[in-house]
Amino acid sequence: MSQTATAQLLESIPAERPVLIAGPTASGKSALALEIAARGGVIVNADASQVYACWRVISARPSAAEEALAAHRLYGHLPDDAPYSTGHWLREVETILSQGKRPIIVGGTGLYFQALTEGLAHIPQTPADTRKHADTIPLETLIGELDAETAKGIDLANRARVQRAWEVLTSTGRGLAAWQAETPPPLLRLEDCTPIALDVDRDWLAARIQKRFDLMIEGGALEEVRAVEPHYNPTLPAHKAIGVPELIAYLRGTLTLDQAREAAIIATRQYAKRQRTWIRSKMGAWQKLTMPE
């Protein structure tokens, strides 16, 4: 982003108005949030991997020096085995909003922003044994057992979404779509915020992703993963963070470091593509900021 574009953006944001910043991984969201926070506000994490204490480097969480420049919330505050969902995140954000400081909510987890600005259905928690059983069921079987209304409205290629829908139906007897039809009002209405979605050039982002992963390795990502390896559990959301399974494979001797690096970079690019698709399809009303200028 050019200095001129940044200055124009900063000048256009009312001082007390909540700010939402969404964008694909490695697109520069955190840096933009810091620039806005310099004019007042608290930065609130909206990235599902950055909530875990074990991942600062591998999740590209703000550094300690960056966190010292402005108040940061919901970063690295959970152990890696803690249950955490969009509902958990939304309840924590509600507490932060009640404290009265202007929120600058930044991240790449589209469901968090959707729940924040459109509301989230209050669905009973899935029993642990139901979730454990669901982990063993093939995706095709899960899809086949969904109710038609729910199946019509979710991404059937996304196992996490499908499994969640199956768990809800199995544990409550009602489809996810039926629960969502009873969604309460949102915590923040989009029209009451300054919503910014970063619109990035694909090749520019691919180069940044590759460079950033190499910097992660230099900065201690492998050491972070090594510390978790003795109790690594591929079913835990925290342990599914991009780069973690790949570096675990290296540590366990099934991939070389070069192979793990390449696999992690490819996985990150694929994730960024899904994020860009979400922004195009779900964030049409957001202000788009082109990266790079």
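The exercises below treat the sheet, the helix packing and selected backbone features of a predicted model.

Residues are numbered from 1 along each chain as its sequence is written. In this predicted model, local features need pLDDT of at least 70, side-chain atom pairs count only at pLDDT 80 or more, totals for chains, interfaces and linings use all residues, and side-chain values use heavy atoms, with hydrogens and water left out.

**Exercise 1. The sheet**

Task: Determine the strand order of the sheet and identify its edge strands.

Solution:

Step 1. Strands are DSSP runs of E with at least two residues, helices are runs of H or I with at least four, and both are numbered from the N terminus. Two strands pair if DSSP finds at least two bridges between them.

Step 2. Strand β2 (residues 42-45) is joined by 4 bridges to strand β4 (residues 103-107), and the two run parallel. One of the pairs places Val42 with Pro103 of β4 as bridge partner.

Step 3. β2 is also joined to β3 by 2 bridges, again in parallel. Here Val44 stands opposite Arg73.

Step 4. Strand β5 (residues 194-200) runs parallel to β6, with 5 bridges between them. The bridge partner of Asp199 is Thr290 in β6.

Step 5. The result is an open sheet of 6 strands in the order β3-β2-β4-β1-β5-β6, with parallel pairing. β3 and β6 are the edge strands, since each pairs on one side only.

**Exercise 2. The faces of β2**

Task: Assign the side chains of β2 to two directions and name the helix that lies across β2, β3 and β4.

Solution:

Step 1. In a regular strand the side chains alternate between the two faces of the sheet.

Step 2. Val42 and Val44 point one way from β2, and Ile43 and Asn45 point the other way. All are buried, where buried means under 20% relative accessible area, exposed over 50%, and partly exposed in between (1.4 Å probe, protein chains only).

Step 3. The helix is α4, which runs at about 170 degrees to β2.

**Exercise 3. Packing against α14**

Task: Characterise how α11 and α13 pack against α14.

Solution:

Step 1. Two packed helices are described by the angle between their axes and the distance between the axes. Axes are lines fitted to C-alpha atoms, for helices over the stretch in contact, and angles run from 0 to 180 degrees between N-to-C directions. Angles under 35 degrees count as roughly parallel, over 145 as roughly antiparallel, 65 to 115 as roughly perpendicular and the rest as oblique.

Step 2. Helix α11 (residues 202-219) and helix α14 (residues 257-282) have axes 10 Å apart at an angle of about 140 degrees. The two are therefore oblique to each other.

Step 3. Contact means heavy atoms within 4.5 Å. Among the residues of α11 that meet α14 are Leu205, Ile209 and Phe213, while the α14 side includes Ile265, Thr268 and Arg276. By class, this contact holds 7 nonpolar, 2 polar and 6 charged residues. In this scheme Ala, Val, Leu, Ile, Met, Phe, Trp, Tyr, Cys and Pro count as nonpolar, Asp, Glu, Lys and Arg as charged, and the others, Gly among them, as polar.

Step 4. The axes of helix α13 (residues 244-251) and α14 come within 8 Å and cross at roughly 170 degrees. α13 is therefore roughly antiparallel to α14.

Step 5. Glu246, Leu247 and Tyr250 of α13 meet Leu257, Ala260, Ala263, Ala264 and Ala267 of α14. This contact comprises 7 nonpolar, no polar and 1 charged residues.

Step 6. The buried residues of α13 are Val244, Glu246, Leu247, Ile248 and Ala249. They pack against α11, α12 (221-228) and α14.

**Exercise 4. Backbone features and a loop residue**

Task: Locate the positive-phi residues Ala26 and Leu74, the cis peptide bond at Pro292, and the surroundings of Thr109.

Solution:

Step 1. Most residues other than glycine have a negative phi, and most peptide bonds are trans.

Step 2. Ala26 has phi near 70 degrees. Its place is the loop between β1 (19-22) and α2 (29-37), and Ala26 is buried at a relative accessible area of 9%.

Step 3. Leu74 also has phi near 70 degrees. Leu74 lies in the loop between β3 (72-73) and α4 (86-97) and is buried at 10% relative accessibility.

Step 4. Met291 and Pro292 are joined by a cis peptide bond with omega about -10 degrees. Pro292 is found in the segment after β6 (287-291).

Step 5. Thr109, in the loop between β4 and α5 (110-118), is buried at 11% relative accessibility. Not counting residues up to four places away in sequence, Thr109 touches Ala46, Asp47, Ala48 and Tyr271.
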